[in-house]
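I set out to record what I looked up in this structure, entry by entry. The topics are strand pairing, backbone geometry and surface charge.

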Amino acid sequence: MTLQRDTILHIGFDDTDSLQGSCTTHLATIIIEEIDAQVTFLDYPRLIRNNPNIPWKTRGNGAIGFTIKTPEEEVDQVIVTIKKSIESYYQPDENTNPGLVVVKGNIPEIIKEFSKRALIEVLSIEEAKDIATNHCFDHYFIGNGRGLIGGLAAIGNNLNPRNEDFTYEILTYRIPDNYGTKRRLEEETVYEMDNKLSPEVFNNIDEETNKILICPAGPDPVFYGIRGEEADKLLEASSIVKPKEPLDNYCIFRTNQGTDQHFNYADNQVENFRVFKGIIQITKKPQVLLGGHIILQGKIEHSEKLVDLAAFEPSKGFKKKINKLLPNDRILAYGGIKYKKELKIHTIQLEKCEILTISDHYKESSPYCPKCSKRMTSAGRNKGHKCKKCGFKDSNTQKIKTKIERKIDIELLIPPAQAQRHLVKPHRRYTVKRKERVKFVENWWKKYTNL
Ligand code: ATP
């Protein structure tokens with residue numbers, strides 16, 4: 001009898017979809033279906049969200065990572081199957097550049113480091129190609145190879161429970177006949193599910209508008225995605241939500257969504273498209289722009305660099321509170337940086353914000369007339385005040401200073417669910433206990449009819 005030797009493979013891929021259709025998570029589900037008989041999954045497929053500010057992303061800058069075990073003699077076949085699936089699935093488009101990376105055994109430190117930087121920086125295709133060539137068992141790309149960046153990042157960012165927070169998402173997929181049509185489900189079952197399972201599930205309903213958020217709007221194959229703390233709860237959630245159209249399949253992903261992972265590695269460096277975290281002192285009052293966006297100016301503590309800060313219209317209550325900031329208030333700002341060439345200034349697009357210090361502000365007004373109680377007016381520079389009504393005059397009077405009541409608190413501000421970016425940790429998760437291990441459930445992927 002010959003003993004079969006198993007090999008551990010880490011597989012990462014990205015950039016297979018375009019706005020015209022498809023989705024890299026859907027491709028992951030197809031690949032899982034194809035290789036499941038040949039391999040053992042040692043982890044859920046990971047859906048890793050990288051730097052949300054890079055301009056060439058399709059939607060949420062998500063990449064996929066697998067950790068699997070397979071007999072040594074099957075390795076080549078598994079890789080060929082995945083390459084073929086990518087080739088036949090990807091949407092040719094000038095902005096679609098699929099990349100696949102395969103690591104055997106331990107994940108090299110250089111890939112782990114790269115994955116941390118992928119959360120906050122803009123990385124180059126050259127660096128990704130170099131790492132893929134020198135530190136990976138195999139790699140493959142179409143087009144300019146940009147997908148290798150996300151592929152490497154999804155391998156390196158393995159969401160080890162010892163040092164990283166993580167969540168899950170169950171994604172269900174439509175049958176191809178329904179792609180592009182309006183998604184139909186029994187809406188009340190979504191509210192029912194959220195009421196029953198919250199806070200084990202999150203971001204299904206917008207807390208300010210009560211709008212259902214689980215269904216995307218585009219032509220992609222996703223029917224709905226439900227986010228939560230544990231996979232078993234997501235299966236339960238999915239059994240409560242009733243679709244009004246036949247579905248194809250589903251898969252549960254382990255993910256860094258809702259964890260603030262990017263902010264854990266961010267700092268106050270100012271570079272176009274980088275993730276920013278730093279203390280800012282407000283220098284100019286907010287302005288409301290056309291479209292309802294709020295813009296204000298501040299300087300970064302320590303560097304003294306001036307930046308703009310922006311809060312966008314869909315962030316509703318968040319934006320309203322940002323609009324109450326005044327010069328000398330201090331905030332810990334979290335967001336993405338965009339450089340505005342025309343204005344020669346960097347703008348931090350706020351994803352969340354902690355108000356640290358609320359400064360005192362005063363309004364000055366003329367004193368009241370001691371004779372007739374009418375408010376007096378200035379008698380000229382350093383000449384005191386005079387009363388227009390009774391003619392009283394006093395050259396020694398000073399302006400009265402009254403403290404303005406600031407309708408703002410020291411607090412953490414996070415936009416409501418509908419305006420939140422994937423990586424941002426929602427309020428609801430702040431009270432959830434950190435998971436110590438990955439709990440595997442049976443049926444973490446299946447044809448939908450088996451649910
Ligand atoms: P979807 O969420 O629908 O799967 P997407 O928003 O993930 O789509 P992609 O089409 O995958 O967008 O495009 C993102 C591209 O950016 C990929 O090629 C990915 O490798 C690359 N990328 C990811 N992170 C970085 C980074 N930090 N620096 C540079 N490029 C990056």
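Before placing any loop, I note that helices (H or I, at least four residues) and strands (E, at least two) are taken as DSSP runs, numbered from the N terminus. The model is a predicted one.

Entry 1, a cis peptide. I looked up the bond between Ser198 and Pro199 and found it to be cis, with omega about 5°. I then located Pro199, which sits in the loop between H6 and strand E8 (201-202).

Entry 2, negative charge. I stayed with helix H6, which spans residues 187-197 and contains Glu187. Which residues gather in the patch of negative charge on the surface? I listed Glu186, Glu187, Glu188 and Glu192. I recorded Glu187 as partly exposed because its relative accessibility is 47%, and the exposed class begins over 50%.

Entry 3, positive charge. I also found a surface patch of positive charge, formed by Lys383, Lys386, Lys388 and Lys393. Lys388 belongs to the loop that runs between strand E18 (385-386) and strand E19 (393-394). I classed Lys388 as exposed because its relative accessibility is 70%.

Entry 4, positive phi. I checked two residues other than glycine for this feature. Leu159 has a positive phi of about 45°, and I placed Leu159 in the loop between helix H5 (147-156) and strand E7 (167-174). Is Leu159 buried or exposed? I noted Leu159 as buried, with a relative accessible area of 0%. For Phe273, I read a positive phi near 70°. Phe273 lies in the loop from helix H8 (261-265) to strand E11 (275-288). With a relative accessible area of 21%, Phe273 is partly exposed, since buried means under 20%.

Entry 5, strand E4. I looked up the cover of strand E4, residues 62-71, and found 9 of its 10 residues buried, so the strand is largely enclosed by the rest of the structure. I then went through its pairings. Strand E1 (residues 6-14) runs antiparallel to E4 and is joined to it by 8 bridges; here Ile11 has Phe66 of E4 as its bridge partner. Strand E2 (residues 40-41) is antiparallel to E4 with 2 bridges, and Thr40 is partnered by Lys69 in E4. Strand E3 (residues 46-49) is joined to E4 by 4 bridges, again in the antiparallel sense, and Arg49 is matched with Gly62 of E4.

Entry 6, strand E15. I found strand E15 (residues 345-357) mostly covered, with 10 of its 13 residues buried. Strand E13 (residues 306-311) runs parallel to E15 and is joined to it by 3 bridges; Asp308 stands opposite Thr347 of E15. Strand E14 (residues 330-340) pairs with E15 in the antiparallel sense over 11 bridges, and Leu332 faces Glu354 of E15 across this pairing. I also noted that E14 and E15 form a hairpin with 4 residues between them, and that Lys344 in the turn has a positive phi of about 55°. Strand E21 (residues 412-413) is antiparallel to E15, with 2 bridges; Cys353 has Leu413 of E21 as its bridge partner.

Terms used:
Residues numbered from 1 in each chain as written. Predicted model: local features only at pLDDT ≥ 70, side-chain atom pairs only at ≥ 80, totals over all residues. Heavy atoms only, no water. Patch = residues over 30% accessible without salt bridge, like charges linked within 9 Å, V, L, I, M, F, W, Y side chains within 5 Å. Areas by Shrake-Rupley, 256 points an atom, 1.4 Å probe, with all protein chains shown as cover. Salt bridge = Lys/Arg side-chain N within 4 Å of Asp/Glu carboxyl O. Lys, Arg positive; Asp, Glu negative; His and termini not counted. Charge placed at Lys NZ, Arg CZ, Asp CG, Glu CD. Buried < 20%, exposed > 50% of the residue type's maximum accessible area, 1.4 Å probe, protein only. Pairing = 2+ DSSP bridges.
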